[in-house]
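The following paragraphs walk through one protein structure, from its overall composition to individual side chains. Please keep the sequence and the model in view while reading.

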Amino acid sequence: MGQNIAYNKSYIYAISLISAMGGLLFGYDWVVIGGAKPFYELYFGISTIPALQGWAMSCALVGCLLGAVISGMLNNRYGLKKLLILAAFIFIISSIGTGISNSLYQFVMWRIFGGVSIGLASNLSPMYIAEVSPAEYRGKFVTINQLTIVIGILIAQITNWLIAKPVPTDFSTVEILNSWNGQTGWRWMFWATAVPSSLFFILMFLVPESPRWLVKNNKLKEAEKVLVKIYSSLYAASEIENISKSLLSTQEQSKTKILLSSGIKKVLLIGITLAVFQQWCGINVIFNYAQEIFETAGYGVSDILFNIVITGSVNLVFTFVALYTVDLVGRRKLMLTGAGGLAIIYSIVGTLYFFKITGFLLLLLVVTAIAFYAMSLAPVTWVILSEIFPNKIRSTAMAISTFALWSACFILTYTFPILNDLLKSYGTFWLYGFICISGFLFIFIKLPETKGKSLEAIEKEIVG
């Protein structure tokens, strides 16, 4: 793709931002539970039962896994656009259902249903953006999805902080349970999700289908219309030809045979490992279990909610750093920086917990860890996953990697209360540090650089 190609950046930004609203809702719905946690646990009577705490927090991931499977099965038939519209609809219904739950069983069922939309959005939004973006700007555009995720996270954190009425430090658990927060406030935290979900649902009808999906399904005239809006009529014809060639090169083989070929197995291993590492690096426990982490550091409930807002703000700021460096510095260097930085920080955090050093220093290190994650592993993993797989099996391979990601996330989220109880905070963070060292070595040895290359060129280079 030459530098003389004129891109309609405003159009690409518009459709990317709309599709990336799936990321915003993914971030909001995933993190809103962290602010509601101190209250719904008392309401459902599970505040002293680690296994049920872990299940209530992680049950949505069962839905995420189902959503990832559905996206892989249905994408080739229905396309990215229709499935993203479905995700928006599920976000609306599940947020209302979670808020009206009066039993743990109802709460879990609605969270699992909402998880389906997270699984769909997390898989399809970055893939859609990658398929409509020019090669030299693809990293930046796909990172928009991560930007909306962290905006969703921050909105959820601010919403939780504003909804929850101040909790005095001398409040007993019974008083918290019988307060407005314990009976009603946590419900509004979930209901608020319906507002952006409705906007996403409406706006998704305005975006076109992915041109690569259209070519794959022999809708060449529609694909050309989309590509003309993105580039020019001359380049649109050339791009359709390139896409068609990459599809024809594998059309005689079944997907199973393709996935088992040596070149694809290699790239699939990279995708799955990076997806699992993005979760097992441990950052998500800071968002989901901020209550336990900051309580151990010596903070009260109201201070915890404010500290969570601080972490979300840092997350947003450093995602902008990723936005402007991913196509300049490259994917590989950012991933190595994130893995190495987190390994060092976790070793220090574990040591502070071991010597019972609490307060501001611990908060500062947690915020620094989030900064490293936000500028590296969080956005860049999705960029890499959206671009390394061949056109013919991209949706299937992406679904497999996303399934692995959410499986890893389920294990991480479910086991944290148990690990924290068995290994204590210091042992848990040292364990995450060891995982980050392992991830660093894998990236250093196995991950090639993909910046500035077309999807078809990446396919030739990695798969052969």
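How much accessible surface does the protein have, and what share of it belongs to carbon and sulfur atoms? The total comes to about 17,500 Å², and carbon and sulfur atoms account for 69% of it. The model is predicted, and the values discussed here are computed from it. The protein has 464 residues, of which 60% count as buried. Its secondary structure consists of 22 helices, with zero strands. Among contacts with a sequence separation of 6 or more, 84% are between residues 24 or more positions apart.

Helix α6, covering residues 138–163, is a useful element to begin with. Its 26 residues should span 38 Å at 1.5 Å a residue, and the C-alpha atoms at its ends are 38 Å apart, so the expected and modelled spans agree. Of these 26 residues, 20 are buried, so α6 is largely enclosed by the rest of the structure.

One residue that packs against this part of the chain is Ala20, which sits in the loop between α1 (9–19) and α2. Ala20 counts as buried because its relative accessibility is 0%, under the 20% limit. Leaving aside residues up to four places away in sequence, Ala20 touches Ile129, Ile144, Asn145 and Thr148. The C-alpha atoms of Ala20 and Leu147 are 8.5 Å apart, although 127 residues separate the two in sequence.

A second pairing across the sequence involves Pro50, in helix α3 (residues 50–58). Here the C-alpha atoms of Pro50 and Pro417 are separated by 5.6 Å, with the two positions 367 residues apart along the chain. Pro50 has a relative accessible area of 32%, so Pro50 is classed as partly exposed.

Next, consider the charged side chains. Side chains of opposite charge can pair when their charged atoms come close. How many salt bridges does a search of the whole structure find? The search finds four.

One of the salt bridges joins Lys37 and Glu41, with their closest N and O atoms 2.9 Å apart. Both residues are buried. Why are Lys37 and Glu41 separated by about one helical turn? The two are four residues apart in helix α2 (residues 21–44), which accounts for that separation. An α-helix has 3.6 residues a turn, so residues three or four places apart point the same way.

Arg331 takes part in salt bridges with two partners, Asp327 and Glu387. The N to O distance is 2.8 Å in the bridge to Asp327. In the bridge to Glu387, the closest N and O atoms are 3.0 Å apart. This second pair links distant parts of the chain, since Arg331 belongs to helix α18 and Glu387 to helix α20 (residues 377–387), 56 residues apart. Through shared partners, the salt bridges join Asp327, Arg331 and Glu387 into one network. Arg331 counts as buried, with a relative accessibility of 0%, and Glu387 is likewise buried at 0%.

Glu131 shows another kind of polar interaction. Glu131 lies in helix α5 (residues 104–132). Is Glu131 buried or exposed? Its relative accessible area is 8%, so Glu131 is buried. A polar contact of 2.4 Å connects the side chain of Glu131 with that of Ser210. Apart from residues up to four places away in sequence, the residues that Glu131 touches are Leu80, Ser210, Pro211, Arg212, Trp213 and Arg394.

The last stop is on the surface. Which residues form a nonpolar patch there? The patch is made of Phe354, Phe355, Ile357, Phe360, Leu361, Leu364 and Trp430, and together they have about 720 Å² of accessible area. Helix α19 (residues 360–374) contributes the largest share of the patch, three residues. Phe355, a member of the patch, is located in the loop between α18 (331–354) and α19. Its relative accessible area of 56% is over the 50% limit, so Phe355 is exposed.

Note on methods
Residues are numbered from 1 along each chain as its sequence is written. This is a predicted model: local features need pLDDT of at least 70, side-chain atom pairs count only at pLDDT 80 or more; totals for chains, interfaces and linings use all residues. Side-chain values use heavy atoms; hydrogens and water are left out. Patches are made of residues with over 30% relative accessible area and no salt bridge: like charges are joined within 9 Å, nonpolar side chains (Val, Leu, Ile, Met, Phe, Trp, Tyr) within 5 Å. Accessible areas come from the Shrake-Rupley method with a 1.4 Å probe; for residues, only the protein chains shown count as cover. A salt bridge is a side-chain nitrogen of Lys or Arg within 4 Å of a carboxyl oxygen of Asp or Glu. Buried means under 20% relative accessible area, exposed over 50%, partly exposed in between (1.4 Å probe, protein chains only). A polar contact is a pair of N or O atoms within 3.5 Å; within protein, one must be able to donate a hydrogen and the other to accept it, and residues adjacent in sequence count only if both atoms are side-chain atoms. Contact means heavy atoms within 4.5 Å. The expected span of a helix is 1.5 Å times one less than its number of residues.
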